Amino acid sequence: MRKQMTAPAIRARKVRDGREPLVMVTAYDAPGARMADAAGIDLVLVGDSVAMVVLGYDDTLQVTVDDLAHHTAAVARGLASSAPEAESGKPLVVADLPWMSYHTTPVETVRNAAQLVRAGAQAVKLEGGRKRLPMIEAIVDAEIPVMGHLGLTPQSMHAMGGFKVQGREHGAALELVADAKALEAAGCFAIVLEGVPDEVARMITGSVDVPTVGIGAGPGCDGQVLVFHDVLGIEDRMRPKFVRRYADVRTVAVEALQAYAADVRTGAFPNADESYHLTAEVAETLGLYGSA
Ligand code: KIV
């Protein structure tokens, strides 16, 4: 029986305590989740980035709890049937609470988090610092593990004036450290740090006992997260500085589709082996001699 990664196990993963850095990647569907599992990934994030990399929106503000629950369920189904022989623990499924699902009342926040858990999430993630504490405490109180998310928080893109690196100034850096300590005290088991200078990410990582997971936050975090489509080179419209592409799947996919189109147009696909055939007896009754 394979081990399942759990929120308490993730919480203990501080690099300064000699633990291995955490590896997180987004997944939005069953095949993606199975690939992440086969690769030995620790956490899969059903991110609201689904809006941009899968659903074709320009920002993450367009997706709802229902959308995230739909994709979370697909990821959970994929993991349920994946790699039974793998030696790594099964990844923890973290689902993003989308914009406006945790901005009104703690009651509504808990209801939305519960919808994601019922869809298959084992933890939820939400963006923001101290002003989100009542919501985080309410979710933790409902026994749902919460991951924080500080720095460049894409759901605040209008308030921030775009997708901009945060914490570049002295005061802003200290605010982020204070936010991280507050999230830890409220019960977050880990904190994503997005789009912050390396030095600030290191300050934050050194100030809290929960692991930090960076994206565009340098190598000093307790782990890293990237978007599936960026790692694999499926997304070709934008390439932030912090993305490292480990494959060029888009090129491979386009070349494969071009070859398929050419074969259909020339009649080379499908061939006899790729077709179903009647038995000789049935073909004969239909007057189709020699077609079997
Ligand atoms: O939605 C997402 O993909 C995220 C990561 C960038 C951390 O929140």
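Here are some worked exercises on a predicted model of a protein chain with a ligand.

**Exercise 1. Get an overview of the protein chain: how many helices and strands does the secondary structure come to, and what share of the residues counts as buried?**

Start with the secondary structure, which comes to 12 helices and eight strands. Next, take the box that the C-alpha atoms fill: along the principal axes it is roughly 85 × 40 × 35 Å. Now turn to burial, where 48% of the 292 residues make the cut. The chain still exposes about 14,800 Å², and carbon and sulfur atoms supply 56% of that area. Last, look at the contacts with a separation of 6 or more: residues 24 or more positions apart account for 59% of them.

**Exercise 2. Work out which residues surround the ligand, and how they divide by class.**

Step one is to walk round the shell. Going up in sequence, you meet Thr 26, Leu 45, Gly 47, Asp 48, Ser 49 and Asp 96, then Lys 125, His 149, Val 192, Glu 194, Ile 215 and Val 227. Step two is to sort them, which gives four nonpolar, four polar and four charged residues.

Step three is to check distances from ligand oxygen atoms to side-chain N or O atoms:

- For Ser 49, an oxygen atom of the ligand sits 2.5 Å from an N or O atom of the side chain.
- For Lys 125, the distance from a ligand oxygen to a side-chain N or O atom is 2.9 Å.
- For Asp 96, the corresponding distance is 3.1 Å.

To finish, ask how much of the ligand is covered: on its own it has 260 Å² of accessible area, and the protein covers 96% of that.

**Exercise 3. Place Asp 37 and Arg 13: are they buried or exposed, and what do they touch?**

Take Asp 37 to begin with. Asp 37 belongs to helix H2, which spans residues 30–38. The cut-off for buried is under 20% relative accessible area, so Asp 37, at 0%, counts as buried. Leaving out residues up to four places away in sequence, Asp 37 touches Arg 2, Leu 79, Ser 82, Ala 83, Ser 88, Gly 89, Lys 90 and Pro 91.

Now for Arg 13, which you'll find in the loop between helix H1 (7–11) and strand E1 (22–26). Its relative accessibility is 8%, so Arg 13 counts as buried too. With the same sequence neighbours left out, the residues Arg 13 touches include Arg 19, Glu 20, Asp 42 and Asp 222. Met 5, Pro 21, Leu 22 and Pro 211 are also among them.

**Exercise 4. Find which residues of helix H6 are buried and what covers them.**

Helix H6 runs over residues 133–141, and its buried residues are Leu 133, Met 135, Ile 136, Ala 138 and Ile 139. Their cover includes two helices, H5 (106–119) and H8 (170–186), along with strands E4 (123–125) and E5 (146–151). Follow the chain past H6 and you get to Glu 143, whose phi is positive, near 70°.

**Exercise 5. Classify the aromatic pair formed by Tyr 260 and Phe 269.**

The ring centres need to lie within 6.5 Å, and planes over 60 degrees apart count as edge-to-face. The count comes to one aromatic pair. In this pair, Tyr 260 and Phe 269 are 5.8 Å apart centre to centre with 75° between the planes, making it edge-to-face. As for exposure, Tyr 260 is partly exposed at 49% relative accessible area, and Phe 269 is partly exposed at 36%.

Note on methods: Residues numbered from 1 in each chain as written. Predicted model: local features only at pLDDT ≥ 70, side-chain atom pairs only at ≥ 80, totals over all residues. Heavy atoms only, no water. Phe/Tyr/Trp six-rings, centres within 6.5 Å; stacked < 30°, edge-to-face > 60°. Buried < 20%, exposed > 50% of the residue type's maximum accessible area, 1.4 Å probe, protein only. Near = heavy atom within 4 Å. Polar contact = N/O pair within 3.5 Å; in protein donor to acceptor, adjacent residues only side chain to side chain. Areas by Shrake-Rupley, 256 points an atom, 1.4 Å probe, with all protein chains shown as cover. Nonpolar A, V, L, I, M, F, W, Y, C, P; charged D, E, K, R; others polar. Helix = DSSP H or I, 4+ residues; strand = E, 2+ residues; numbered from the N terminus. Contact = heavy atoms within 4.5 Å.
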